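Good morning, and thank you for making time for this item. I would ask you to keep the structure in view while I speak.

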Amino acid sequence: MDLEKAKCWDTSKKNSWKNTLLLAYQSLGVVYGDLSISPLYVYKSAFAEDIQHSDTNEEIYGVLSFVFWTLTLVPLVKYVFIVLRADDNGEGGTFALYSLICRHAKVSLLPNRQLADEAVSTYILEHPPEKEKSSWLKVVLEKSKTLHTALLVLVLLGTCMVIGDGVLTPAMSVFSAVSGLELSMSKEHHLYAVVPITCFILLCLFALQHYGTHRVGFFFAPVVVAWLLCISALGLYNIFHWNRHVYQALSPYYMFKFLRKTRISGWMSLGGILLCITGSEAMFADLGHFSYSAIQVAFTFLVYPALILAYMGQAAYLSQHHHSNHQISFYVSVPHIVRWPVLILAILASVVGSQAIISGTFSIINQSQSLGCFPRVKVVHTSDKIHGQIYIPEINWMLMILCIAVTIGFRDTKHIGNASGLAVMAVMLVTTCLTSLVIILCWHKPPILALCFLLFFGSIELLYFSASLTKFREGAWLPILLALFLMTIMFVWHYATIKKYEYDLHNKVSLDWLLALGPSLGIARVPGIGLVFTDLTSGIPANFSRFVTNLPAFHRILVFVCVKSVPVPYVPPAERYLVGRVGPAAHRSYRCIIRYGYRDVHQDVDSFESQLVDKLSDFIRYDWYRTHRSSSCTEDDASRTTDMSECRLAVIGTVAFSGAPAYEMEETQQTSVSAGFATVESITDVIEMAPVERRVRFAIDDQDSQADTPTDNDLLREELHDLHEAQQAGTAFILGHTHVKAKQGSSVMKRLAINFGYNFMRRNCRGADVALKVPPVSLLEVGMVYIV
């Protein structure tokens with residue numbers, strides 16, 4: 001899938017007003033479903049038990065003032081005008097901020113990093129590293145391994161809270177919408193009707209996930225637009241009919257008046273008020289599907305005014321109704337004649353809002369998996385046309401069970417709201433901290449500016465977060481428990497992954513050992529292609545040496561394959577394959593490094609196998625021209641290191657050779673019309689970009705081919721013939737079947753995490769062969785025990 005196709009907007013058109021308005025309309029159904037249904041439960045949660053609605057109206061006016069300023073400062077000012085600018089090549093979310101920071105400062109804990117990755121076109125730096133002035137913060141961050149781990153833990157915390165929100169938001173939204181039935185039936189019937197109906201709707205919602213949102217996505221935007229227009233109209237009606245002076249409560253004075261009267265009870269009620277910004281993070285997380293201007297226009301000119309009118313209308317109604325027969329809720333302010341249509345529309349809007357957070361949960365788990373922070377799970381791409389629409393069956397059913405359990409266990413919006421509020425504020429605090437780092441490290445702004453941003457928005461969010469913590473025993477314990485459980489899983493998996501890589505790194509064998517294998521040692525070369533999968537970007541992995549030791553034979557064509565993640569959202573297909581030789585040409589051994597971004601779609605095994613052979617063919621042609629024409633791979637290059645004698649690696653483009661193959665080298669950009677190449681030199685564990693002073697383009701035409709000596713042509717044809725003959729003989733996938741053990745003397749915590757936790761997850765999640773969709777008949781597994 002091309003990078004251009006991976007985006008939902010065309011870069012050349014996204015600045016046009018027509019396209020922006022269209023995207024703004026589409027974003028309403030995907031981004032704002034959760035945020036738009038918050039009027040259903042904010043006032044009800046705020047007045048749950050901490051404060052009472054009195055005849056003076058100071059409480060209702062104070063809550064309205066808090067809602068207005070919270071909506072203005074957090075979603076509008078913070079997200080729309082600041083955080084949305086901290087995008088990673090158009091992508092947003094917690095991992096986008098983390099990858100952005102990792103590219104500007106060496107704080108990533110991902111294994112097999114390469115300097116060659118910095119040449120990927122999506123690896124954008126505002127200033128070249130040699131010209132960039134290193135701030136003291138960057139120096140401190142890069143030197144401290146503890147801070148690297150702390151930053152990763154912070155990112156994982158935000159990720160876990162988003163997943164927790166994926167459990168709580170559907171239950172909260174649907175339960176609040178269905179609770180409107182209380183005005184149409186007796187209390188006894190209401191208690192036995194709302195919970196089963198909510199559970200049934202949630203069951204249907206999760207059961208339909210495997211169809212993908214694109215099949216019903218066209219229905220989302222009209223529902224949200226109709227809902228926003230509905231609550232706006234209801235708000236205007238209540239303002240003009242009940243209290244035209246309610247706008248005065250927008251003054252900040254009423255907030256101080258509210259806190260002065262209610263004191264600690266008013267502070268505790270902030271845990272319900274903060275629900276008015278539930279879903280704000282979706283504006284940033286779903287940025288990759290739309291454009292910055294589209295999300296800005298949709299929120300500023302439709303969502304924000306509609307929400308303010310809705311809250312003002314409810315406050316106007318409640319200011320004239322102090323002794324209602326029913327408790328404070330959204331539906332008491334709805335005129336009786338339109339109550340049923342509004343109820344149906346609210347249920348539909350709550351389903352749309354739930355769908356957005358469910359899709360976001362699938363997306364963030366897929367990103368976590370790509371970066372080695374989550375066990376491998378099955379990812380189904382539900383749309384061939386729209387990038388990023390995925391479905392994860394195991395996660396879907398777990399979310400459904402947890403959502404229904406939360407609904408049955410809590411049975412009211414008060415406890416669910418307390419839990420949801422804490423998760424929302426935790427995610428926002430993480431975003432504020434990461435954005436502060438982006439301001440300094442990526443935007444190169446003065447640290448005082450980042451400090452002001454952190455203190456201003458951080459203090460607002462900490463105020464709400466502290467109020468949520470007071471509800472710990474009333475539901476707020478749930479997201480904390482979920483986050484601790486998920487963080488344990490993610491951190492243990494990531495820690496074991498890093499330790500396995502370090503073990504491979506320290507136990508790799510030299511190239512001389514591989515080259516010494518031959519008939520004299522009883523080693524046979526059998527027909528076919530052997531793909532040895534490893535996390536190493538250089539050297540010979542230990543699992544291959546173990547394979548040859550136990551089975552003294554290996555394939556005629558040997559390819560060491562490394563599938564790795566790069567801290568960018570997308571890697572253009574023209575820059576994905578990095579190919580080079582391992583040893584001399586006669587040995588027929590190659591190295592192929594395949595790079596993916598954290599939002600890229602991984603290939604299936606059939607297309608991967610055929611494309612890999614095509615890349616090897618292109619590389620062989622290019623390498624023979626480079627070697628015998630440009631002398632790029634000389635004996636001096638081959639003996640540059642004692643550990644490896646690999647020739648330089650080349651980035652192979654996507655378009656196959658036809659006629660006269662063209663090659664193009666450029667220092668900063670590696671793509672070309674037919675095939676892009678940029679040479680990189682392998683030095684121990686890091687592959688560095690070879691210096692290129694100027695852009696060079698050259699082609700092999702027929703005259704050049706005729707000018708080659710017959711020997712060179714024969715050798716080239718022979719190598720290509722061997723490759724295609726091996727492809728016809730079949731391909732074997734050689735993977736390590738690993739068991740990890742903590743070394744003797746390890747702490748009890750480490751032994752529990754590795755020996756039990758990691759190995760349990762490894763046995764019960766998808767194996768590497770299943771993730772790669774390797775046919776069982778082509779699979780060769782090598783047993784390996786890692787002592788870490």
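I shall discuss salt bridges, helix packing, one loop residue and one surface patch. Please bear in mind throughout that this is a predicted model.

Let me begin with the salt bridges. How many salt bridges are there by the rule applied here? The count comes to 13, and I have selected three for comment.

The pair I take up to start with is E59 and K261, whose closest N and O atoms are 2.9 Å apart. E59 belongs to helix 5, residues 58-81, and K261 to helix 11, residues 253-262, so this salt bridge ties together parts that lie 202 residues apart in sequence. Are the two partners buried or exposed? E59 has a relative accessible area of 5% and is therefore buried, the cut-off for that class being under 20%. K261, with a relative accessible area of 40%, is partly exposed. This pair also belongs to a network of salt bridges that links E58, E59, K257 and K261.

Helix 5 contributes to another of these pairs. The side chains of K78 and E461 form a salt bridge, at 2.5 Å from N to O. Since K78 is in helix 5 and E461 is in helix 18, the pair ties together parts 383 residues apart in sequence. Both K78 and E461 are buried.

The remaining pair in my selection is R581 with E719, where the closest N and O atoms are 2.6 Å apart. Here a strand and a helix are involved: R581 lies in strand 5, residues 577-581, and E719 in helix 25, residues 710-729, so parts 138 residues apart in sequence are tied together. R581 is buried, at a relative accessible area of 3%. E719 is likewise counted as buried, because its relative accessibility is 0%.

I turn now to helix packing. Two packed helices are described by the angle between their axes and by the distance between those axes. Helix 11, which carries K261, packs against helix 12, residues 264-273, at an angle of about 120°, and their axes are 5 Å apart. Helix 11 is therefore oblique to helix 12. Which residues meet at this contact? From helix 11 they are F258, L259 and T262, and from helix 12 they are I264, S265, G266, W267 and S269.

Helix 6, residues 94-104, merits attention for its burial: 11 of its 11 residues are buried. Among them are F95, Y98, R103 and H104. What do the buried residues of helix 6 pack against? Their partners are helix 7 (136-143), helix 8 (145-178), helix 13 (281-285), helix 15 (339-370) and helix 17 (413-441).

Next, a residue outside the helices. Y41 is in the loop between helix 3 (33-36) and helix 4 (42-46). With a relative accessibility of 2%, Y41 counts as buried. When neighbours within four places in sequence are set aside, Y41 contacts D34, M172, S176, L275 and T278. For one of these contacts, L275, the separation from Y41 is 234 residues in sequence and 7.8 Å in space, C-alpha to C-alpha.

Finally, the surface. I448, L449, L451, L454 and L455 make a nonpolar surface patch of about 450 Å². L454 is in helix 18, residues 447-469, the helix that also holds E461. At 30% relative accessibility, L454 counts as partly exposed, whereas E461 is buried.

Definitions and conventions. Residues are numbered from 1 along each chain as its sequence is written. This is a predicted model: local features need pLDDT of at least 70, side-chain atom pairs count only at pLDDT 80 or more; totals for chains, interfaces and linings use all residues. Side-chain values use heavy atoms; hydrogens and water are left out. Patches are made of residues with over 30% relative accessible area and no salt bridge: like charges are joined within 9 Å, nonpolar side chains (Val, Leu, Ile, Met, Phe, Trp, Tyr) within 5 Å. Accessible areas come from the Shrake-Rupley method with a 1.4 Å probe; for residues, only the protein chains shown count as cover. A salt bridge is a side-chain nitrogen of Lys or Arg within 4 Å of a carboxyl oxygen of Asp or Glu. Helices (H or I, at least four residues) and strands (E, at least two) are DSSP runs, numbered from the N terminus. Buried means under 20% relative accessible area, exposed over 50%, partly exposed in between (1.4 Å probe, protein chains only). Contact means heavy atoms within 4.5 Å. Axes are lines fitted to C-alpha atoms, for helices over the stretch in contact, and angles run from 0 to 180 degrees between N-to-C directions. Angles under 35 degrees count as roughly parallel, over 145 as roughly antiparallel, 65 to 115 as roughly perpendicular and the rest as oblique.
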